[in-house]
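Thanks for asking me to look this over with you. Here are my notes, written as a short walk through the model for someone meeting it for the first time.

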Amino acid sequence: MIEIEHLTKRYGNTTVVDDVSLSIAKGTITVVVGTSGSGKSTLLRMINRLVEPSSGRVLIDGRDTMSIPEDALRHRIGYAIQGHGLFPHRTVAENIATVPRLLGWDQARIDSRVDELLRLFQLAPDEFARKYPQQLSGGQQQRVGVARALAAEPELLLMDEPFGALDPIIRGKAQEDLLAIQRRFGTTVILVTHDMEEAFHLGDKVAVMDRARLLQYGTPAEILVHPAEAYVERLVGTADRPFRLLSLSTVADALEPGPASGQPVDKGTSLRDALARMMWAGRTEMPVVDGAGAALGKVSVAGILAHGRQPA
Amino acid sequence: MRALAILLRLAALVLLVTFIAAPNLFAPVFQPLTTYDAPAIYNQGSLFSLTLSHLATVFSAALASTVVAVLLGIFVTRPSGLEFLPLSRSLVNIGQTFPPVAVLAVAVPLVGFGEAPTLIALFLYGLLPIFENTLSGLTNVSPLTLEAAKGMGMSARQRLLGVELPLALPIILAGIRLSVVINLGTATIGSTVAAKGLGEVIIAGLQSNNTAFILQGGLIVALLAILIHDALMSVERIVARRLGQQPAGAAA
Ligand SMILES: Nc1ncnc2c1ncn2[C@@H]1O[C@H](COP(=O)(O)OP(=O)(O)OP(=O)(O)O)[C@@H](O)[C@H]1O
Ligand SMILES: [Mg+2]
């Protein structure tokens with residue numbers, strides 16, 4: 001549980017984060033979005049105390065972060081930034097081992113952790129462990145950056161536009177990796193992004209910031225359906241809204257009984273993807289199967305569209 | 001191309017070692033440069049021991065310059081020392097612009113004749129390249145890298161020793177090489193204040209109007225400079241490779 005209470009940062013007379021309060025449940029992903037300069041990075045950096053708050057406080061599991069020595073605090077909080085900030089003079093394995101080494105883990109434990117993380121991020125240890133960052137592609141560097149942030153099994157992971165510089169395909173891949181790893185370790189994640197698509201896809205909760213203030217904090221569906229201010233409504237994109245809503249629900253949510261013909265769709269597929277496939281195939285219905293391939297029923301265009309309709 | 005370079009270097013090394021160990025072998029070469037039956041080969045001391053003294057002077061001065069310049073460079077790039085940056089820059093610059101001969105003239109009355117004034121002159125003269133390179137090495141470390149280091153909970157000391165200095169090392173080493181090579185030549189003036197060194201050979205030549213002596217002194221200094229320059233370059237390349245950098249021909 002992370003509690004951010006009345007957090008404020010002023011530089012001289014300008015307030016760059018203004019009285020922000022948020023409560024973040026353990027094991028969830030919170031995505032912070034907002035205009036450039038709205039104070040997202042500053043908010044994030046106050047959590048690991050790279051920036052000292054002017055007022056307000058941050059509690060992690062009830063403990064005020066100011067009561068923990070700052071280096072010790074940062075050992076417990078993973079931090080991944082855009083452009084990764086890998087150490088160019090250290091190999092991939094050495095980069096990932098940074099915090100475990102600071103914590104004095106024994107070599108065997110470090111080695112097995114590095115190995116585990118490389119495999120999780122689909123970087124074959126034999127091939128990548130001894131490479132230097134500049135011998136990797138941008139996507140690979142970014143994965144190493146995230147692996148490094150996760151190395152010491154942090155309970156909290158802060159990510160500042162971690163996938164900002166990646167092409168769409170690699171970015172999608174990196175997002176899936178993050179979701180899988182987050183589920184596996186139960187890490188609490190706070191992620192800053194400019195990409196609304198990414199925010200709705202990854203976030204259990206989305207926090208919208210504008211000009212130093214937190215405008216709205218809620219689930220993606222709440223933000224889409226009940227934007228708190230005109231700015232939020234503009235940000236979520238009026239035209240894209242039904243499609244975004246569809247991407248938040250899965251086929252299982254629109255399941256209907258009965259048979260249908262054609263290629264079956266998995267029950268975990270998002271309604272948006274299912275609709276796209278039906279449009280492409282020129283069908284109005286598709287059979288639904290579960291992970292094992294057993295038939296569950298069908299899904300129809302009308303059923304899907306109902307999920308994209310403005311709630312009463 | 002590479003093989004040729006190695007061969008040339010090897011030839012220079014062999015030439016140098018043979019010349020300082022058995023200079024008389026080369027008497028026929030230098031004979032035509034002498035007049036009135038003057039000796040063709042320097043005969044007022046062993047070239048071998050003069051070379052060793054010369055090197056000892058240069059390297060002790062370089063060691064002192066390195067320690068002072070690197071420590072100063074580190075200090076003025078820390079938040080607590082930042083305000084001393086302009087001052088230390090001017091001081092080090094004066095050390096370089098003040099002619100070593102003048103330093104000798106000032107130092108002799110204070111510390112007497114011999115090695116000491118030479119060491120002082122070379123120390124001051126060698127500070128600038130090392131200091132400037134330490135500064136640019138430390139300030140060129142990517143802010144992103146430092147931010148990441150800080151964000152992972154590395155202390156200021158761990159960042160300096162584990163990130164900043166290793167990343168600056170190739171540039172600092174280039175500064176040391178520059179300083180050493182410059183001072184190999186500059187050290188010859190030490191002989192004017194009775195420091196043991198290869199300057200003696202040149203000065204003896206000037207005094208007795210013996211071109212052969214002058215050339216011998218110059219030749220040994222030049223060979224030393226070339227060989228040491230190359231050796232230090234190789235060290236830099238090895239270090240750069242161990243730090244994951246592509247061997248850079250650009251560092252200077
Ligand atoms: N050290 C500082 N001194 C003064 N002003 C600062 C400092 N750091 C940030 N700011 C200002 O605070 C504001 C918020 O900056 P911040 O980096 O948090 O924005 P952001 O939302 O992350 O923007 P972006 O999306 O462009 O990354 C900006 O106007 C910035 O100029
Ligand atoms: Mg930012």
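**Notes on the model**

1. Arg211 of chain A is a good place to begin: A:Arg211 lies in the loop between strand E9 (205-210) and strand E10 (213-218) of chain A. Helices (H or I, at least four residues) and strands (E, at least two) are DSSP runs, numbered from the N terminus.

2. A word on the ground rules. This is a predicted model, in which local features need pLDDT of at least 70 and side-chain atom pairs count only at pLDDT 80 or more, while totals for chains, interfaces and linings use all residues. Residues are numbered from 1 along each chain as its sequence is written, chains are lettered from A and ligands numbered from 1 in the order in which they are written, and side-chain values use heavy atoms, with hydrogens and water left out.

3. Back to that loop. Phi of A:Arg211 is near 40 degrees, a positive value in a residue other than glycine. For background, most residues other than glycine have a negative phi. A:Arg211 is exposed, because its relative accessible area is 70%; buried means under 20% relative accessible area, exposed over 50%, and partly exposed in between (1.4 Å probe, protein chains only).

4. What does the side chain of A:Arg211 touch? A polar contact of 3.3 Å joins it to the side chain of A:Asp210. Such a contact is a pair of N or O atoms within 3.5 Å; within protein, one must be able to donate a hydrogen and the other to accept it, and residues adjacent in sequence count only if both atoms are side-chain atoms. A:Arg211 and A:Ser36 are 175 residues apart in sequence, yet their C-alpha atoms are 9.0 Å apart in space.

5. A second positive phi is found at A:Gln122, where the value is near 55 degrees. A:Gln122 sits in the loop between helix H5 (107-120) and helix H6 (125-128) of chain A. With 49% relative accessibility, A:Gln122 counts as partly exposed.

6. Now the sheet. Six strands of chain A form an open sheet in the order E6-E7-E8-E3-E9-E10, with mixed pairing. Its edge strands are strand E6 (77-81) and E10 of chain A, each pairing on one side only. From one strand to the next, the twist averages 15 degrees. Two strands pair if DSSP finds at least two bridges between them.

7. Following the pairing across the sheet, E6(A) and E7(A) are parallel over five bridges, and five bridges also join E7(A) to E8(A), which run parallel. A:Met159 in E7(A) is the bridge partner of A:Ala80, and A:Met159 has A:Leu191 in E8(A) as a bridge partner. By contrast, E9(A) and E10(A) run antiparallel, joined by five bridges, with A:Ala207 opposite A:Tyr217 of E10(A).

8. Is E7(A) buried or exposed? Five of its five residues are buried. On one side are A:Leu156, A:Leu158 and A:Asp160, and on the other A:Leu157 and A:Met159. In a regular strand the side chains alternate between the two faces of the sheet.

9. Helix H1 (residues 40-47) of chain A lies across strand E3 (29-34), E6, strand E7 (156-160), strand E8 (188-192) and E9 of chain A, and runs at about 155 degrees to E7(A). Axes are lines fitted to C-alpha atoms, for helices over the stretch in contact, and angles run from 0 to 180 degrees between N-to-C directions. Contact means heavy atoms within 4.5 Å.

10. Chain B has ten helices and zero strands. Its C-alpha trace spans about 75 × 50 × 20 Å along the principal axes. Of the 252 residues in chain B, 47% are buried.

11. Helix H3 (residues 47-77) of chain B has 31 residues, so at 1.5 Å a residue it should span 45 Å; its end C-alpha atoms are 44 Å apart, which agrees. The expected span is 1.5 Å times one less than the number of residues. B:Ser46 caps the N-terminal end of H3(B), with a side-chain oxygen 3.2 Å from the backbone nitrogen of B:Phe48.

12. Finally, B:Glu236 belongs to helix H10 (residues 211-242) of chain B. B:Glu236 counts as buried, because its relative accessibility is 8%. Its side chain makes a polar contact of 2.7 Å with the side chain of B:Arg177. Leaving aside neighbours within four places in sequence, B:Glu236 is in contact with B:Pro170, B:Leu173, B:Ala174 and B:Arg177.
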